[in-house]
Amino acid sequence: MTPLRTVNLLRSLFVIFACFVGVSVGPDLFGSLWVGAGAGLCFGLVVVLADRLLKGVTLRTFSSATFGLLLGLLFSRLLLASNVLRNASGDMQWIVSLGVYCTIGYLGMMLAMRSGRDEFSLIIPYVRFRQSAVQDIPLIVDSNILIDGRLERLRKTGFIASALIIPRFVLDELQMLADSGDSLRRERGRRALTLLEEMRQRDSTSVTVHESALDGETKVDAKLVQLAQLLGARLLTNDSNLCKIARLQNVIALNLNELSEALRPQLASGDELELALVKEGKESHQAVGYLPDGTMVVVNQARTRLGQTVTIHVSSVVHTTAGRLFFAELKKP
């Protein structure tokens, strides 16, 4: 993406160029150099304003609109070629022709912008577009995902095959963390930046820094949702509240914590499994083991079996703020 400073520089150079052209042609067209300079300046500012108003229009939208406009002009030409206005006066023919071109051209442009790839294949039957799967839609990454550290492991599994988009304001947030006076926050920020740099150096990973300039938004969450809407991208985060807000605004939001919760073993009271006992429990007779997803299992009457892999059966499940906690008993021989 083009950096914001570069865009502003190009806009300024265009306005200066337009003003220079106005100065060059001012004496011949307006009889005054200053009037020409003012006209050139106004023209340049109007073009820059139009560019600002069209910042949400993508190349795909522009291409669809151009194709629809061409179809509309073609149908208008065919309609007027039938000489339905042969008995009208010259002025009336010009007015009606202009109205037909504008109306059908506008309708064709709007219909094309609202149509999908399948509709285009009906018009051009020998051209087929590759269907875009959900996995192909780019992912905008929130800062907490980079701080979390699990993103790279998730990408290695192949479940996330999309291009990753890192907004500039997310990088600024990570830089503030890396420069923080708090040692814990500083370490988290530096680890996130290191992970991001390692991912960008890999050829198999597509990471793009988006130089987003979202006017009127100050909160990071609002910027993330607005950018996802603007780019037609998905949002990857660990913030459940942000997920709810994004989904209410028809943005696809992926919560890594929800994925982790869905992949947890579905244990229930009475289930049996083998478990490695790795440390002592709070009570003198208890030993503790962990499931593959990190869930703690407290085994009663198992202190003497510490360091061994034993067969247990689940006796109860307790739901805490940190997740689920299982209590189990040793399986009797």
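In the predicted model, five strands form an open sheet in the order β3-β2-β1-β4-β5, and their pairing is parallel. The edges of this sheet are taken by β3 and β5 (253-255), each of which has a single partner strand, so that one side of each is left without a neighbour in the sheet. From one strand to the next, the twist averages 30 degrees. Within the sheet, β1 and strand β4 (residues 234-237) run parallel and are joined by three bridges; V141 has L236 as its bridge partner in β4.

Helices pack on this parallel sheet. Helix α8 touches β1, β2 and β3, and its direction makes about 65 degrees with that of β2. Helix α9, in turn, lies across β2 and β3 and runs at about 120 degrees to β3. The buried residues of α8 are F169, V170, L171, L174, L177 and A178. These buried residues pack against the strands β1 (139-141), β2 (164-167) and β3 (207-210), and also against α6 (143-148), α9 (183-201) and α10.

The packing of α8 with α10 can be described further. Helix α8 (residues 168-178) and helix α10 (residues 220-231) meet at an angle of about 150 degrees, and their axes are 10 Å apart. Because angles over 145 degrees count as roughly antiparallel, α8 and α10 are assigned to that class. On the α8 side the contact is made by F169, V170 and E173, and on the α10 side by V220, K223 and L224. Divided by character, the residues of this contact comprise four nonpolar and two charged residues, with no polar ones. Two of the contact residues of α8, F169 and V170, are also listed among the buried residues of that helix.

A second assembly of five strands closes into a barrel in the order β6-β7-β8-β10-β9, with mixed pairing. Neighbouring strands of the barrel are turned by 50 degrees against each other on average, direction ignored. Strand β6 (residues 272-280) and strand β9 (residues 309-320) pair in the antiparallel sense over five bridges; along this pairing, E274 stands opposite T311 in β9, and A276 stands opposite T309 in β9. Strand β9 also pairs with strand β10 (residues 323-330), again in the antiparallel sense, over eight bridges, and here H313 stands opposite E329 in β10.

Individual side chains outside these sheets were also examined. R11 is found in helix α1 (residues 4-29) and, at 16% relative accessibility, counts as buried, because the limit for that class is under 20%. When residues up to four places away in sequence are not counted, R11 touches V48, D51 and R52.

With respect to cysteines, the structure holds zero disulfides. C102 is partly exposed, with a relative accessible area of 47%, whereas C243 is buried, with a relative accessible area of 0%.

Notes
Residues are numbered from 1 along each chain as its sequence is written. This is a predicted model: local features need pLDDT of at least 70, side-chain atom pairs count only at pLDDT 80 or more; totals for chains, interfaces and linings use all residues. Side-chain values use heavy atoms; hydrogens and water are left out. A disulfide is a pair of cysteine sulfur atoms within 2.5 Å. Buried means under 20% relative accessible area, exposed over 50%, partly exposed in between (1.4 Å probe, protein chains only). Axes are lines fitted to C-alpha atoms, for helices over the stretch in contact, and angles run from 0 to 180 degrees between N-to-C directions. Helices (H or I, at least four residues) and strands (E, at least two) are DSSP runs, numbered from the N terminus. Angles under 35 degrees count as roughly parallel, over 145 as roughly antiparallel, 65 to 115 as roughly perpendicular and the rest as oblique. Contact means heavy atoms within 4.5 Å. Ala, Val, Leu, Ile, Met, Phe, Trp, Tyr, Cys and Pro count as nonpolar, Asp, Glu, Lys and Arg as charged, and the others, Gly among them, as polar. Two strands pair if DSSP finds at least two bridges between them.
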